[in-house]
Amino acid sequence: MPLVIAIDGPAASGKGTLAKRLADHYGLPHLDTGLLYRAVALALLDAGLSLDDCAAAARAAEALDPEKLDDPRLRDRAMGEAASRISAVPEVRTGLLQWQRRFAADPQGAVLDGRDIGTVVCPEAGVKLFITASSEERARRRHRELAGRGETVAFAAILADIEARDARDSSRAAAPLRIADDAVGLDTTELDADAAFDEARAIVERARSGGA
């Protein structure tokens with residue numbers, strides 16, 4: 001059976017890093033689904049359109065070009081905020097759903113990370129993880145990441161952004177952020193990258209062997 005690993009969690013929880021490492025470890029393709037929403041938001045902004053233009057956002061989702069996912073601007077802090085707004089549009093989520101499911105249907109399997117992978121995109125995934133960490137630790141991680149890219153942003157502003165995104169992502173009507181009933185939670189607040197990977201890999205191995 002193809003190995004499909006669904007990884008969900010809030011912003012800066014470490015799910016993207018874990019997803020990449022698990023994909024490399026198991027030799028599977030990886031999709032950061034958040035980039036899809038960032039790419040839709042960027043398409044609107046590049047066209048001079050409002051992020052609140054739901055019809056335009058839906059069209060951008062339908063016409064998404066996979067090559068646009070390599071645009072370095074997608075990693076900007078502003079794109080994360082824009083993507084959170086865009087992701088609340090039901091038509092955008094519908095437009096991207098089949099795109100994500102086709103990726104997950106790769107014969108060898110796949111690793112996908114996002115906020116509704118285990119609940120909506122891949123509800124039948126053989127392995128589901130929900131990665132979290134305290135909002136303060138997530139803000140510290142994001143602050144270090146941005147500083148490493150030469151961006152100067154106040155820690156308080158980053159923390160406020162993360163808490164606002166958590167609230168928006170968890171309360172939206174379309175596919176809100178929540179842990180799937182059969183997902184395994186992993187709190188990475190006190191774990192470094194290697195320890196988190198070891199824990200995540202152990203969860204995957206238990207699931208593959210039929211363990212709890």
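A residue counts as buried here when its relative accessible area is under 20%. With that in hand, let us walk through this predicted model, beginning with a helix that puts the definition to use. In helix 3, the buried residues are Ala 56, Ala 57, Ala 58, Ala 60 and Ala 61. Their cover includes helix 2 (34-46), helix 4 and helix 5.

One of those covering elements is worth a closer look. Helix 3 (residues 54-62) and helix 5 have axes that come within 8 Å and cross at roughly 10°. An angle under 35 degrees counts as roughly parallel, so helix 3 is roughly parallel to helix 5. On the helix 3 side, the contact is made by Ala 57, Ala 58, Ala 61 and Glu 62, and on the helix 5 side by Glu 91, Val 92, Gly 95 and Leu 96. If you trace these positions on the model, it helps to recall that an α-helix has 3.6 residues a turn, so residues three or four places apart point the same way.

Now turn to helix 4, which has a packing partner of its own in helix 8 (residues 155-171): the axes of the two lie 10 Å apart, at an angle of about 20°. By the same cut-off, helix 4 and helix 8 are therefore roughly parallel to each other, and their crossing is left-handed. Helix 4 brings Arg 77, Gly 80, Glu 81, Ser 84 and Arg 85 to this meeting, while helix 8 brings Ala 157, Ile 158, Asp 161, Arg 165, Arg 168 and Asp 169.

Follow the chain out of helix 4 and you arrive at Ser 87, in the loop between helix 4 (77-86) and helix 5 (90-104). Is this loop residue buried or exposed? Ser 87 has a relative accessibility of 5%, so it counts as buried. Its side chain reaches the backbone oxygen of Ser 84 at 2.9 Å. Beyond its neighbours within four places in sequence, Ser 87 is in contact with Tyr 37, Arg 93, Asp 169 and Arg 172.

Another loop, between helix 8 and strand 5, holds Ala 173. At 82% relative accessibility, Ala 173 counts as exposed. Although Ala 173 and Val 89 are 84 residues apart in sequence, their C-alpha atoms are 8.9 Å apart in space.

That leaves the sheet. Its 5 strands form an open sheet in the order 2-3-1-4-5, with parallel pairing. At the edges stand strand 2 (30-32) and strand 5 (184-187), each with a single partner strand, so one side of each has no neighbour in the sheet. On average, neighbouring strands are turned by 20° against each other, direction ignored.

Begin at one edge: strand 2 pairs with strand 3 (residues 109-114) in the parallel sense over 3 bridges. Here Leu 31 has Leu 112 in strand 3 as its bridge partner.

Strand 4 (residues 127-132) offers a contrast with the edges. Of its 6 residues, 5 are buried, so strand 4 is largely enclosed by the rest of the structure. Strand 1 (residues 3-8) runs parallel to strand 4, joined by 4 bridges, and strand 5 is likewise parallel to strand 4 and joined to it by 4 bridges. Which residues does Phe 130 of strand 4 pair with? Asp 8 stands opposite Phe 130, and in strand 5 the bridge partner of Phe 130 is Gly 185.

Note on methods:
Residues numbered from 1 in each chain as written. Predicted model: local features only at pLDDT ≥ 70, side-chain atom pairs only at ≥ 80, totals over all residues. Heavy atoms only, no water. Buried < 20%, exposed > 50% of the residue type's maximum accessible area, 1.4 Å probe, protein only. Polar contact = N/O pair within 3.5 Å; in protein donor to acceptor, adjacent residues only side chain to side chain. Contact = heavy atoms within 4.5 Å. Pairing = 2+ DSSP bridges. Axes fitted to C-alpha atoms, helices over the stretch in contact; angles between N-to-C directions. Parallel < 35°, antiparallel > 145°, perpendicular 65-115°, else oblique. Left-handed = near helix turned anticlockwise from the far one by under 90°.
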